[in-house]
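Colleague: Got a minute to go through this one with me? I'd like to talk about cavities and the surface.

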Amino acid sequence: MRPAVILAFFPYLVLATRSSVHNESSEDPASAAAAGNITVTTMDHGAVTLPVKVPLYIGGMFPYQTDHVFGRVEETVNAAIDHVNNLDGILDGYELRIRGNWTEGKPDLALRLLYDFIYVDPPILMSWGPMLSSDAVVVNEVASKYNIIQATLASSPTILDHSRFPLTIRLGIKEDDLNQPRLALMKRMGWKKAAIVFEDIEYFRSNILDLEYTLTNGGITILTVEAITDKDQHQAQIKNLQNHDARIIFAHFYERPASKFFCEVYRLKAYGPQIIWILNGWINDAWWRYDSSNNSTCTPEQLEKVLQYHLALHGFYQAADVDRIDFGGIKPYPDQKAYIESLLVTSDYSARDVLSQSYDSMMVMAMALNASVEHLAKMEPPRCLQDFQYGDTAMREVIMQSVRNVHFYGATSQVSVDENATRTSESLRVVVKQLQNTTEDDLMKHVLLFVSADVETSFERICNNNFIWHGENIPVDGVTIKEQIIVKSLSLRITVIVLDMVGVSIALVFIFINIRYRNRKAIKISSPQINNLTAVGGLLLYSFVVMNSIDSSLYGERTILVLCHVSTFLLSVGFSLAFGGLFVKTFRIHSIFTKAVTRLKKVELPDTRLIMWAFIPVIVDIILITLLITLDENVVEREKGTALEDSSQPEREIFLVPVRQYCTSSNQFYFVVALYVSKGVLLVFGIFLAWETRRITVAELNDSKYLAMSVYIVALTVAITLPTLVSGKYDVNFEYVVLSVAVIFANTTVLCLVFLPKMILFWRTDDKSLSITMMKQNGFVSSTVRSFGLGADSRMDRLTLKLRKKIDQLETSKQELRSLAKGEAVLNT
């Protein structure tokens, strides 16, 4: 152990003051090493022999000298060098010295400093910095030509290009590592749209490409990406952000260009509580207050109006547990630990992160050099660190390999370097901070900590802090247009289905009576099997109402098409079957009275044949529907209505666009025409039968009156329904109710007209009291015998009595004529 008091007696301590570029050592390192030891005379101890330490020079490129954070970097790096020089086990026999100066963020000054390193002795083995990306992307590429290894905290993704920067040790936080947390923040806030504006330099340009890619792959819509090429001209980019209605905007700038940009935002009034800026977190908190160069014409108060409630994502390495600090098995001394702890306990987060990383970066260099000593000694010929010259590629490779093996626990927790000379990110943390109260010193409130690579569940709150917004809710990312599939009201659907079930019950009752009492004369004479066809057709129409009540918004396009085809089938086939059965039955009555009674011809029309005829329009329907499905291109069309703002939550700026879904096809017009023509032909045929059988007076058989009423009701219903449906084009509930009620009303009415008269006859008569007589007179058919219990008090139609008398007279005359004919034959004989 080296007691600190001994350092006071080092006569060569004066040499340590030559750590600045303005005071390089003129001592020959080789001669110093040859000296081996130096004798020092003290007042208390007399002569003390101390080993001579060989000086090793490293370069130092520090950022801004007057900056309240960056201005302290040189002090921190020198403290780390002092700790190395006083620790046993790290670079024993050597003394680290630094040649450094300030670059002020200007690449030309950084290049001038590099020139001094190269052409002014003594040579440097490595260089700490540049710290800023703007300097590093210029200087490091040149430095590699001279075998100078540079440790940098610059976070530009460009620095990661190993082909351009083969000797750069990348110890800072990679800017691209913050893009995943940016995506996670967007998802947590519920933002799906964002814009990007950035200072068009190489550092930001590379990161923006990765940010855009990350956000897009994460489902975020990028409205626009605006590059600021002229630092004094921002109007076009700002107006373009306004034209895209950008609300969530990622703004990537250095502090000074940011002042000019946001001043122009203020001048154009392109800010407000609905616009949230998301900035880089590594720039100083309240940077707009420290801009002493008057980069903008705006006051700090004006810039704060623009930046109010803005967010920033700041990446940092986790602060260490000081008691655990260990430089490869070497523990720091208490006074060294105290210094490191002072870097970590500060309330200035920016200073803590910058200075602790600066300290550890210096330790990475020291430990790499320390590990190289053993490997250099094994070279042929053996070498020492002080032997390095800028043309020595072999020594450079040894030192770079030692860098890749560095691993220790430092001020920023676990520190390790991978094969690409890049610090690993196991200690990386990302905090989301917000500008909340401009009257406090602590302007940026730390709200969330990114703790997981899982985008969905990746944040935890810090000290129960919350975001603060202008209103009660999180600002929205812009006007949200939501398509809202128009659905039928549940209460209306329940009401309609209840009515439909009443109709179904009536149809089932009719079918039950038809089947159960099919042998009763009152039912039998009405052709019950054919009447059942009409009832089944009615059930299909009722099924159409049920199918039409299904909420199609719950299903995909293929399912909706299936529902449409099934609905078309039920409506078309149900109509054809119901009226087909009614018409063929009437056709049989027509045939009987026109051929059997009037023309005295035998008519054979069994139910089987009539049922087959009734299925002819059904077959036509099936053919047409099959052709539509197989040959035509059927799609689900989405027709949009006028967008209306959701008044229930106006702060969300949600506009609902009603969308009406319906099935259609490229040749649907021709299909509909063909279907209507087939139904029209069927109805015309029914009207013809009703007219032809109008004079048949057999009440038990003649349905002409009911047939005509059925056709009239259907035609009237269609005439009323179609114009009504057109008038309620976007009102799905209105359209649904009108169509369903029309089908239920027309269907139920037709069924009642067909079945109720038969039911009444069935209830009022029995088989013995029911008789039917058909007679021909004066060229028309007359059937008048309808007796209910004939007896003494029965009333008989006068026409019936007259007809019977005439028949009796005709029979008597026929008998007399036959008798006379026989008498004449006898006489002749």
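Modeller: Here is a quick run through the cavities, then a surface patch.

Modeller: This is a predicted model, where local features need pLDDT of at least 70, side-chain atom pairs count only at pLDDT 80 or more, and totals for chains, interfaces and linings use all residues. Numbering runs from 1 along each chain as its sequence is written, and side-chain values use heavy atoms, with hydrogens and water left out.

Colleague: How many cavities of 30 Å³ or more are there?

Modeller: There are 4. A cavity here is a set of points on a 1 Å grid over the protein atoms alone where a 1.4 Å probe fits but cannot get out; lining residues have an atom within 4 Å of a point. Volume is the space filled by probe spheres set on the points, joined across faces, edges and corners.

Colleague: What lines the largest cavity?

Modeller: I238, L241, Q242, A246, I249, V265, A270, I275 and W277. The space is about 70 Å³.

Colleague: Which helix gives the largest share of that lining?

Modeller: Helix α7, residues 235-243, with 3 residues. Helices are DSSP runs (H or I, at least four residues), numbered from the N terminus.

Colleague: And what volume does the second largest cavity have?

Modeller: About 50 Å³. Its lining includes W287, W288, H310 and K433.

Colleague: Switching to L631: buried or exposed?

Modeller: L631 is exposed (over 50% relative accessible area, 1.4 Å probe, protein chains only), at 69%. L631 sits in helix α18, residues 616-631.

Conventions
1 Å grid on protein atoms, 1.4 Å probe; cavity = no way out; pocket = protein on both sides within 12 Å on 5 of 7 lines; lining within 4 Å. Helix = DSSP H or I, 4+ residues; strand = E, 2+ residues; numbered from the N terminus. Buried < 20%, exposed > 50% of the residue type's maximum accessible area, 1.4 Å probe, protein only.
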